[in-house]
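Welcome, and thank you for opening the viewer. Please load the model, switch on a cartoon view, and keep the selection tool at hand for the stops below.

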Amino acid sequence: MPHALPSPPAATDARAGAATDTHCPYCSLQCGMTLTGAAGRVEVVERASFPVNRGALCAKGRTAPALLDPAARLTQPLVRDPATGELAPAGWDTALDRVAAGLAAARAAHGADACGVFGGGGLTNEKAYALGKFARVVLGTSQIDYNGRFCMASAATAHQRAFGLDRGLPFPLADVARTGCVILVGANPAETMPPALRYFTELRENGGSLVVVDPRRTRTAGSADLHLAPRPGTDLALALGLLHLVVAEGRVDEAFVAARTTGWPAARAAAMAHWPEQVERITGVPVPRMREAVRRFCDAGTSMVLTARGPEQQSHGTDTVNAWINLCLATGRAGRPLSGYGCLTGQGNGQGGREHGQKADQLPGYRKLTDPAARAHVAGVWGVPPESLPGPGRSAYELLDALGGDVRALLLMGSNPVVSAPRAAHVERRLRSLDFLAVADVVLSETAALADVVLPVTQWAEETGTVTNLEGRVLLRRRAVDPPPLVRSDLAVLGGLAARLGVRRGFPEDPGEVFDELRRASAGGPADYSGISYARLARGEGVFWPCPAGPGHNDGDGDGGEDSNGGGHGGAGERAGGGGELPPGTPRMFLDRFATEDGRARFVAVSYRPSAEEPDARYPLLLTTGRVLAQYQSGAQTRRVAELNAAAPGPFVQLHPGLAARLGVAEGDMVTVVSRRGRASAPARLSADIRPDTVFMPFHWPGPGRANTLTNPLLDPASRMPEFKRCAVRVEKAEQAQTAERAEQAGPGRQLR
């Protein structure tokens, strides 16, 4: 019997022109903004009172309302017609019945793990929580992961190994402007999160120094006091070389190491095996520049290391991040005010998205799925036996690679792996091989275009929900406008599917109800949200987790949990200046102790090892990938915004003029980049800002210029993150590439005509 979906909850009075304070739908800054107007004429107004961006917005944030236009997005369900093979409009009951039938058929024929679920780092905390619960309670499958595995997994794993807990930044972003030195590794905030660049500018204006580690001289690197340009994939060797110099120059903070860490002798021995001259040969970074970096980092009274995807998206990304953390620990630059290691999380809810259950090995509150106590607690909240919860499943790429084999049906929400996954042509083939694919999204992405059913869902300004930014600051996005009449929320989709699959309770559409349950499920876990509520978030700046509910404040609406210095969380327990008021939640972590059993940070002994795919005679160059200012992630949203497309209309291949001269390539010539996995073609863009042995492609576009056709799915053994940032390639002029491709297609012994 069909189950009608309830109507969306009533919108705010934005239709009458009221102003709604909310947050940008894009990156992990989650910049504050105010929306005015109504659907069809929504305008963005700067919101200077929000402390992260202080009113500043990039072009993506300013133009975000463009996607509210019905012409730019999905407005009704689509179901593939078996007769024509085309997607055609359908009613919600028909669409949901079809999805439920597809999932049920796979489960009946092949078992629960034949159903896969793939989430996204842009989903709100409520959606991510409900999606994980749906997979484990309704489908009973272990096969769930999300695209955040492609973004922050190595830094998260390194955080856990060293500190016992993962929060991207263990301090507010504003602290960056007040420290003495920042080493920024593999990050380009000038293009990926422009409003954050002001903190690095203010750092230098305040007398501090900025050291940028990047194979390219990006806009961020161009503003640095010192730029180190290692070969892609050698950041681990560089970090070990810097630590070697710290030891050799007598710069170790022996008192801090003795009082607050363990594992130093082994980590020291590993670093001392990496002589600076050897590191120079591996990385291409001259020893004098390494010495200057050490001097700047150690001579400053306070210092930080911040990493992003550059060092993390490698087959040894976790070890690389731990090597940089070791540098912080050895010099006493951790667990102290204005010092420490942090990760610049990428996706809009990349932090919250990895905390509440859509990861393969995780339960809400950043609990481990293998922990019996965690299973018992969460099962109690969900009203199911602990033994009914499946164990850990495959990581993101491994799940995608299993499609059409062990995994026969897939429910995908808020992700576009046809463009964003490594070895993307192979992933596209796996998606096509499924018995059944359902996609819930705002737009008809390249992945949604392959689906049997496409479900149109609400987006940022049309729904209420929470996100957690790169600082661990939990924020409330507020609904400002009504969605189109035939668009429903992801929560409503999950509720409708759950009912059709026999679970009629436990999947409410109201995000407030879902968040209240999330609070209970996270209580006592590493990412404890139990002291946070919508009412509290509505007061302004957000609340930093962990924030357990204090005695007498179980509703989370009072001030309970703000002094979150309690033991295992490694909270700050600090008081704000003036009036002795407590800060919200835990803005600064680890000041008293780290989140390990003994309260000490862990050195991790790591050694450099070459990548499994080094350049050779056939593939003599290295490819690295990244983002550009006007586009975002797979481009599914930003490629639909005219202003952004005008600024960045398509892919390109950045290469050094010396390399271009050897290849006979001029500016704007079509070139083809070839790896062991495929080919991608785009115009050449010549620049002396890149190493002569390296080429760069942005990854926002599908089709012939799809960079991820080339990238290597080799996984980090600890984090299971693919090696996006480094693969061996060759570059050919277009006519040469066409001849070579025809020869490859012809095969040995066949004549080309």
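One definition before we set off: Ala, Val, Leu, Ile, Met, Phe, Trp, Tyr, Cys and Pro count as nonpolar, Asp, Glu, Lys and Arg as charged, and the others, Gly among them, as polar. Please also keep in mind that this is a predicted model.

**Stop 1: the second largest cavity**

Select Pro170, Phe171, Arg336, Ser339 and Met589. Of the 17 residues that line the second largest cavity, these five lie nearest its centre. The space inside comes to about 110 Å³. How do its lining residues divide by class? There are 11 nonpolar, three polar and three charged residues in this lining. Across the whole structure, a search finds six cavities of 30 Å³ or more.

**Stop 2: the largest pocket**

Now select Gln160, Asp361, Tyr366, Arg367 and Lys368, which lie nearest the centre of the largest pocket, out of 31 lining residues. Two elements give two or more residues to this lining: helix H4 (153–163) and strand S15 (367–368). Colour H4 separately if you like, as it gives the most, with five residues. The pocket holds about 800 Å³ of space. Sorted by class, its lining has 10 nonpolar, 11 polar and 10 charged residues.

**Stop 3: helix H12**

Select residues 287–299 to bring up helix H12, which has 13 residues. From its first C-alpha to its last it reaches 18 Å, close to the 18 Å expected at 1.5 Å a residue. Next, highlight Val287, Met290, Ala293, Val294, Phe297 and Cys298, which are buried. Turn the view until you look down the axis of H12: the buried residues fall within an arc of 115 degrees, so they line one face of the helix.

While you are here, show the side chains of Glu292 and Arg296. They meet in a salt bridge, with N and O 3.1 Å apart. Both residues lie in H12, four residues apart, which is about one turn of the helix. Is Glu292 buried or partly exposed? Its relative accessibility is 23%, so Glu292 counts as partly exposed.

**Stop 4: more salt bridges**

The structure holds 39 salt bridges, and two further pairs make good stops.

Begin with Arg204 and Asp225, which form a salt bridge whose closest N and O atoms are 3.0 Å apart. This pair links distant parts of the chain, 21 residues apart: Arg204 sits in helix H6 (residues 197–205), and Asp225 in the loop between helix H7 (219–222) and strand S10 (226–228). Arg204 counts as partly exposed at 35% relative accessibility, and Asp225 is also partly exposed, at 28%.

Then move to Arg479 and Asp482, whose side chains meet in a salt bridge of 3.1 Å, N to O. Arg479 has a relative accessible area of 8%, so it is buried, whereas Asp482, with 24%, is partly exposed. After that pair, select Glu249, Arg251, Arg291 and Asp299, which are joined into one network by salt bridges that share partners.

**Stop 5: backbone details**

Which residues does a cis peptide bond join? Select Trp545 and Pro546 to see the bond, with omega at about -5 degrees. Pro546 lies in the loop between strand S21 (543–544) and strand S22 (601–602).

Go next to Arg54, in the loop between strand S3 (43–46) and helix H1 (59–62). Arg54 is not a glycine, yet it has a positive phi of about 50 degrees. It counts as partly exposed, at 32% relative accessibility.

Leu338 also has a positive phi, about 65 degrees, although it is not a glycine. Look for it in the loop between helix H14 (317–330) and strand S13 (340–343). With a relative accessible area of 19%, Leu338 is buried, since buried means under 20%.

**Stop 6: a long step along the chain**

Finish with Arg394, found in the loop between helix H15 (372–382) and helix H16 (396–401). At 25% relative accessibility, Arg394 counts as partly exposed. Now add Arg720 to the selection: the two are 326 residues apart in sequence and 9.4 Å apart in space, C-alpha to C-alpha.

Notes. Residues are numbered from 1 along each chain as its sequence is written. This is a predicted model: local features need pLDDT of at least 70, side-chain atom pairs count only at pLDDT 80 or more; totals for chains, interfaces and linings use all residues. Side-chain values use heavy atoms; hydrogens and water are left out. The expected span of a helix is 1.5 Å times one less than its number of residues. Buried means under 20% relative accessible area, exposed over 50%, partly exposed in between (1.4 Å probe, protein chains only). The arc is that of the directions from the helix axis to the C-beta atoms. On a 1 Å grid over the protein atoms alone, a cavity is a set of points where a 1.4 Å probe fits but cannot get out, and a pocket is an open set with protein on both sides within 12 Å along at least five of seven lines; lining residues have an atom within 4 Å of a point. Grid points are joined across faces, edges and corners, and a volume is the space filled by probe spheres set on the points. A salt bridge is a side-chain nitrogen of Lys or Arg within 4 Å of a carboxyl oxygen of Asp or Glu.
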